[in-house]
Amino acid sequence: MAVTSIRSISAALKILKPLHAPNFISKKKNSFFCKMSIESPSLTHSITLPSKQSEPVQILAAPGVSSSDFWSAIDSSLFKQWLHNLQAENGILANGTMTLSQVLIQGVDMFGKRIGFLKFKAEIFDKDTGNKVPGIVFARGPAVAVLILLESEGETYVVLTEQARVPVGRIILELPAGMLEDDKGDIVGTAVREVEEETGIKLHVEDMVDLTTFLDSSTGCTVFPSPGGCDEEISIFMCRRRVDKEIITHLQGKETGLREHGELIKVHVVPYKNLWRATADCKVLVAVALLEMAKKEGLLPSLAN
Amino acid sequence: MAVTSIRSISAALKILKPLHVPNFISKKKNSFFCKMSTESSSLTHSITLPSKQSEPVQILAAPGVSSSDFWSAIDSSLFKQWLHNLQAENGILANGTMTLNQVLIQGVDMFGKRIGFLKFKAEIFDKDTGNKVPGIVFARGPAVAVLILLESEGETYVVLTEQARVPVGRIILELPAGMLEDDKGDIVGTAVREVEEETGIKLHVEDMVDLTAFLDSSTGCTVFPSPGGCDEEISIFMCRRRVDKEIITHLQGKETGLREHGELIKVHVVPYKNLWRATADCKVLVAVALLEMAKKEGLLPSLAN
């Protein structure tokens with residue numbers, strides 16, 4: 001009966017619009033998926049959280065989310081890390097007053113075969129008051145940024161990247177940075193690699209100082225740029241090096257970056273004393289705060305004024 | 001003929017699943033919209049940018065985006081502000097080397113009748129090299145945050161909010177803050193109102209100092225928390241007040257916030273000297289950087305140590 005219905009839908013729609021639908025039925029556990037994506041509430045999945053074994057959490061797909069994207073989202077480290085965060089020590093679900101009942105997968109951005117970004121809406125509410133917490137999430141995963149200090153002839157300079165950032169619509173200066181992409185175990189290595197890709201500068205792992213570890217351990221020792229909307233957490237490293245003046249002049253105006261990834265990154269070298277005013281990038285100002293306060297409290301003796 | 005087809009689709013689907021489809025055809029310029037959201041590629045709109053009058057920009061809707069959401073998105077101040085940013089002085093399109101040819105509206109989150117968040121993908125590329133810039137945008141609009149300094153018995157304290165932040169999955173400390181919501185003209189007023197809603201503290205507009213105004217004007221004098229993914233730009237104000245010790249003790253542990261909006265916000269008072277380590281919130285560290293560097297350079301004489 002279902003097949004007859006689909007045949008008549010198919011015939012009817014051909015009159016309206018040509019269909020680009022070769023493989024339009026695929027069977028998956030708990031999902032009847034029709035590539036015409038009519039009312040896909042049939043794409044669902046249940047998960048059980050250790051803290052709430054009696055009531056599973058429903059994961060649903062919003063209309064327009066394909067079957068393969070739905071399952072990629074559920075299997076992704078982005079989503080699993082988010083679930084992990086909810087249940088961690090300072091997680092929202094940790095003390096048992098809040099509960100997660102449902103997640104709606106709204107959108108998936110694939111970067112080739114990898115998940116790039118996820119957008120979803122979680123239903124989390126207070127068991128006593130029934131109050132729902134705003135639950136829309138733009139998930140991109142963790143990142144690392146580096147404050148590179150080059151000392152030359154008594155002056156300290158900082159290496160910044162300049163690139164077009166479509167979300168803010170502008171070309172802006174930022175700390176060299178990159179996303180951790182599932183190798184969260186090797187944050188320093190990723191940092192060194194990103195700096196080399198974006199600026200051509202080869203830093204040494206042993207010279208990298210993690211500024212975010214100065215934060216109280218209760219914070220998790222990473223910073224959240226936009227916790228009201230985005231899952232992003234950033235580690236910030238600092239690296240100092242003495243260089244000849246020619247290096248400074250050479251770096252100015254050099255264009256680097258992986259053009260084949262659509263990145264067009266220019267390098268800027270800015271005197272450290274001007275840094276705090278020179279850019280709108282939060283990563284820069286966070287690095288300045290951590291550096292200045294750590295210096296002030298004697299935590300970076302080699303940088304004592 | 002279209003109506004016959006739709007009737008047969010409707011009849012067929014009733015066998016599969018009950019439909020919640022009252023008003024399913026609406027006519028709009030350039031769009032035939034069927035609420036069953038089949039292949040909504042028929043939802044399109046063209047806009048012409050002043051800088052590129054010969055080639056209009058196509059705005060498309062991704063599958064699953066309803067007609068009303070599509071038109072709300074195009075009409076929203078979020079989207080218009082983004083287009084404006086692209087064409088402003090340091091905008092990506094300003095110098096003519098890059099071009100915008102298409103925008104795909106991927107998702108719209110309505111907060112009641114208002115647009116809350118937009119998600120879209122812009123095709124922007126370099127005219128010479130053909131290189132595309134990463135174009136996915138999570139748009140939420142501008143916000144304001146306040147560093148409230150309370151001075152009591154020779155000690156300075158900062159007022160923070162503690163709330164569940166679903167995107168990072170944790171309960172975290174942050175600067176009191178709020179979104180500007182289309183009244184971008186009155187940033188200070190919004191700041192004062194948000195602080196009162198979240199903490200119960202009534203600040204005076206005339207006591208508010210814009211820390212982000214210290215940035216070079218080329219930056220636009222706001223900070224970008226996550227410019228690689230989000231359009232957000234934040235103004236940060238500072239406000240100092242002398243208070244009796246009872247005020248400090250009273251504020252600790254007080255629960256405030258607009259419960260009916262799903263916000264459950266607790267107030268924390270933290271000694272300023274511990275602030276930089278106490279939280280993962282970038283807004284806090286950005287405020288500390290601006291404050292400390294402004295003090296250091298004599299720009300806040302009343303706060304000289």
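Chain B has 7 helices and 16 strands, counted as DSSP runs numbered from the N terminus, with H or I over at least four residues for a helix and E over at least two for a strand. Before I go on: this is a predicted model, in which local features need pLDDT of at least 70 and side-chain atom pairs count only at pLDDT 80 or more, while totals for chains, interfaces and linings use all residues. Residues are numbered from 1 along each chain as its sequence is written, chains are lettered from A and ligands numbered from 1 in the order written, and side-chain values use heavy atoms, without hydrogens or water.

Now confidence. The model has ipTM 0.85 and pTM 0.85. For chain B the average pLDDT, the predictor's confidence in each residue from 0 to 100, is 85, and 81% of the residues reach at least 70. In chain B, residues 16-40 fall below 50, yet this stretch has 44 contacts beyond near neighbours in sequence, a contact being heavy atoms within 4.5 Å. Residues 258-262 of chain B also stay under 50, with 9 contacts beyond four places in sequence. Where pLDDT is low, the predicted coordinates should not be read in detail.

Next, the interior. Of the 305 residues in chain B, 54% are buried, meaning under 20% relative accessible area with a 1.4 Å probe, protein chains only. The largest nonpolar core has 65 residues, and A:Leu147 and B:Leu147 have the most contacts inside it. Such a core is a set of buried Ala, Val, Leu, Ile, Met, Phe, Trp, Tyr and Cys residues joined through side-chain atoms within 4.5 Å. Leaving aside neighbours within four places in sequence, B:Leu147 touches residues including B:Val158, B:Phe237 and B:Leu291.

Conventions:
Buried < 20%, exposed > 50% of the residue type's maximum accessible area, 1.4 Å probe, protein only.
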